[in-house]
Protein chains: 2
Amino acid sequence: MNTAAADLDEVAMLDRAWHDVSPAPARRLLIAAVQAFAERGYHATTTRDIATRVGMSPAGVYVHYRSKEELLHRICLIGHRHSLVALRAAAARSTDPEQQLRDVIGDFAAWHALFHTPARVISYELTALEPEHLTEITALRHEMDLLVRATLEHGVEQGVFDVPDIPGTGLALLSLTVDVARWYRTSGRRAPEDIGALYADLAVRMVKTR
Amino acid sequence: MNTAAADLDEVAMLDRAWHDVSPAPARRLLIAAVQAFAERGYHATTTRDIATRVGMSPAGVYVHYRSKEELLHRICLIGHRHSLVALRAAAARSTDPEQQLRDVIGDFAAWHALFHTPARVISYELTALEPEHLTEITALRHEMDLLVRATLEHGVEQGVFDVPDIPGTGLALLSLTVDVARWYRTSGRRAPEDIGALYADLAVRMVKTR
DNA sequence: CGGCATCCTAAGCAAGCGCTTAGTCAGTTC
DNA sequence: GAACTGACTAAGCGCTTGCTTAGGATGCCG
């Protein structure tokens, strides 16, 4: 598949994932912005660049968004809510600690591969947010932390996990999965679910009692 | 310790680590640049900002560097060479696979905590490099990949490691350690060597035959 | 002292930035 | 068909950007 076709696929995928963003031109702008931010970074992206991607004039952006920072803020909010939903769904799928950890880490890693474009933006462009928006997003990230920690504690209580440092190990696990978005390329050999399977396995090895 | 004192400490530490950058004003500029790039990102940093940090006029930067990109390029080169030296020294310290993996991952994770400021720049600002400079740096990063992979292969050959996917596990291990630079704060509870110890332990658990 | 090299600044240029303003135009409503 | 609405553009404003130019200060060497 050539890159143009892959781009179309990604736009279609994000259009489906973000179907609740309306009206359609606002959604198209949001998708254009997330792609531009992911490729060049927030500060290297111009509002003209975003507008051009959807075939609008530079002023068209401001019909739907107050500022460039609002675009980033919306992307971060939607992205974090989206991934938190995925995390919670994964955690609820099983009560067995090992399977739960597999689901949580596997799904979260696969999510970061599949949605590597928004994932890059919401992990590596946070510093461009205004302080109060950053605080809001940090709270969402903290919830992810708590969820992973709870999974580990659950396994320790049942005696199937041996985790001397739960906060540290939780941090490492989240860090590992989040960083998938940095190095993942669609053109690479591994599919998102392959990465999920590998990471789920590594996570279980890290904590399982031997 | 207040942040101003911590800043002074960091400047002193980087001044020692980069003592071979001369003359002194060029080194001071490089340190100011790496701090600014780490705090706000390459594109959000202005050359005026860098100059002001060392008490120079905006034009002072161009006495020592051709462009803002040259500053980033030098930082990336020095940073990668520095960390490669640390990695190789760690790998050479022992021939026992488990101890070697402990040394490699532990030291590399601790390096990313101690030098989180340059580490952030050389991992997350690479896209701002000109293409030929990016190619050069990518080659250095590939060497780290090979080193970690060789450590894993060494352990598998001796039967002490069980690694179904060596490239994938090597990638995950490097990813895990590199990402320390993203979340590490000097004000946090863990010292660099604590993070190194935790990560060395997690790495061994990930690959050890059971 | 003069000659020279090093290091730096004052001033500013051309280009590009985020965002605004005033107005156009298609579609809907009555 | 007149009145209104929402989506969009042409033009451009005020400011900042990376970088240049011309020249000044300082210290070293004979």
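Start by selecting chain A of this predicted model and colouring it by its domain assignment, which gives domain 1 as residues 3–64 and domain 2 as residues 75–207. With both domains of chain A displayed, place a marker at the C-alpha centre of each, and the two markers will lie 26 Å apart. The contact between them takes 15 residues from domain 1 of chain A and 12 residues from domain 2 of chain A.

Next, keep both domains of chain A in view and turn to the surface between them, where the buried area is about 1200 Å², with carbon and sulfur atoms giving 79% of it. On the domain 1 side, select Met13(A), Trp18(A) and Ala38(A), the residues that lose the most area to domain 2 of chain A and that together make up 35% of what that side buries.

Which elements of domain 1 of chain A give two or more residues to the side that touches domain 2 of chain A? Select helix H1 (3–17) and helix H2 (24–40) of chain A, which are the elements that do so; the largest share of this side, 6 residues, comes from H2(A). If you then colour this side of domain 1 by residue class, you will find 11 nonpolar, 3 polar and 1 charged.

For the polar side of the same interface, the rule finds 2 residue pairs in polar contact between domain 1 and domain 2 of chain A, both at pLDDT 80 or more, while the number of salt bridges found across this interface is 0.

Now move to the nucleic acid and select DNA strand C together with the 17 residues that surround it, of which the closest are Thr46(A), Arg48(A), Tyr62(A), Ser57(B) and His64(B). Colouring these surrounding residues by class shows 6 nonpolar, 8 polar and 3 charged. On the strand itself, select the atoms of DNA strand C within 4 Å of the protein: 50% of them belong to sugar or phosphate, and the rest to bases.

Finally, zoom in on the phosphate oxygens of DNA strand C and step through three distances. In chain A, a side-chain N or O atom of Tyr62(A) is 2.8 Å from a phosphate oxygen of this strand, and a backbone N or O atom of Thr45(A) lies 3.2 Å from a phosphate oxygen. In chain B, select Ser57(B), where a backbone N or O atom lies 2.8 Å from a phosphate oxygen of DNA strand C. To finish, highlight helix H3 (47–53) of chain A and helix H4 (61–64) of chain B, the elements that give two or more residues to the surface near DNA strand C.

Conventions. Residues are numbered from 1 along each chain as its sequence is written. Chains are lettered from A and ligands numbered from 1 in the order in which they are written. This is a predicted model: local features need pLDDT of at least 70, side-chain atom pairs count only at pLDDT 80 or more; totals for chains, interfaces and linings use all residues. Side-chain values use heavy atoms; hydrogens and water are left out. A residue is near a molecule or strand if one of its heavy atoms lies within 4 Å of it. A polar contact is a pair of N or O atoms within 3.5 Å; within protein, one must be able to donate a hydrogen and the other to accept it, and residues adjacent in sequence count only if both atoms are side-chain atoms. Helices (H or I, at least four residues) and strands (E, at least two) are DSSP runs, numbered from the N terminus. Ala, Val, Leu, Ile, Met, Phe, Trp, Tyr, Cys and Pro count as nonpolar, Asp, Glu, Lys and Arg as charged, and the others, Gly among them, as polar. Domain bounds come from an automatic or database domain assignment. Contact means heavy atoms within 4.5 Å. Buried area is the accessible area (1.4 Å probe) that two parts lose on being put together, summed over both. A salt bridge is a side-chain nitrogen of Lys or Arg within 4 Å of a carboxyl oxygen of Asp or Glu.
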